[in-house]
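Colleague: Could you walk me through how to read a model like this one? I'd like the general idea each time, and then the case at hand.

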Amino acid sequence: MPKLKTNRGAAKRFARTATGKFKRSQSHARHILTKKSTKRKRHLRSGSLVHAADHAAVKQLLPYA
């Protein structure tokens with residue numbers, strides 16, 4: 001069997017935790033920040049976990065994570 005390829009775009013966006021879940025960063029924090037409130041931008045800085053419904057899809061994109 002050939003080796004599986006990792007989706008490089010997904011590898012830059014998701015990281016595996018020690019318990020096997022996937023970390024992700026919040027979206028909407030890159031540009032057009034002037035109209036967003038300070039509270040909103042502060043909350044976008046914190047990371048989050050991938051929802052359980054999307055866990056299988058991310059696992060397929062990152063076979064060796």
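Modeller: Let's start with strand pairing, keeping in mind that this is a predicted model. Strands count as a pair once at least two bridges join them. Here β2, residues 22–24, runs antiparallel to β3, and two bridges link them.

Colleague: Which residue in β3 is the bridge partner of K23?

Modeller: That's L49.

Colleague: And what is the strand order in the sheet?

Modeller: Read it as β1-β2-β3: three strands in an open sheet, paired antiparallel. The edges are β1 (15–16) and β3 (48–49), each with pairing on one side only.

Colleague: Next, the core. Which residues make up the largest nonpolar core?

Modeller: The general idea is that nonpolar side chains tend to be buried together in soluble globular proteins. In this model the largest such core holds five residues: A10, F22, V50, V58 and L62. Follow A10 from there: setting aside residues up to four places away in sequence, A10 touches L61 and L62.

Colleague: Now a charged one. Where is K36, and is K36 buried or exposed?

Modeller: K36 sits in the loop between β2 and α2, and K36 is buried. With a buried charge, I'd look for a salt bridge, meaning a Lys or Arg side-chain nitrogen within 4 Å of an Asp or Glu carboxyl oxygen. K36 has none: D54, the nearest side chain of opposite charge, is 20 Å away.

Colleague: What lies around K36, then?

Modeller: Beyond its neighbours within four places in sequence, K36 is in contact with H28, H31 and K41. A polar atom of the K36 side chain lies 3.5 Å from the backbone oxygen of H31.

Colleague: Back to D54. Where is D54, and why does D54 count as partly exposed?

Modeller: D54 belongs to the loop between β3 and α3 (55–61). The partly exposed class runs between 20% and 50% relative accessible area, and D54 counts as partly exposed because its relative accessibility is 42%. For a sense of place, D54 and A11 are 43 residues apart in sequence and 15 Å apart in space, C-alpha to C-alpha.

Colleague: One more: where is H43, and why is H43 partly exposed?

Modeller: H43 is in helix α2, residues 38–45. The reasoning works as before: H43 has a relative accessible area of 47%, so H43 is partly exposed. Between H43 and A29 there are 9.7 Å in space, C-alpha to C-alpha, and the two are 14 residues apart in sequence.

Technical notes
Residues numbered from 1 in each chain as written. Predicted model: local features only at pLDDT ≥ 70, side-chain atom pairs only at ≥ 80, totals over all residues. Heavy atoms only, no water. Helix = DSSP H or I, 4+ residues; strand = E, 2+ residues; numbered from the N terminus. Buried < 20%, exposed > 50% of the residue type's maximum accessible area, 1.4 Å probe, protein only. Lys, Arg positive; Asp, Glu negative; His and termini not counted. Polar contact = N/O pair within 3.5 Å; in protein donor to acceptor, adjacent residues only side chain to side chain. Contact = heavy atoms within 4.5 Å. Core = buried A, V, L, I, M, F, W, Y, C linked by side-chain atoms within 4.5 Å.
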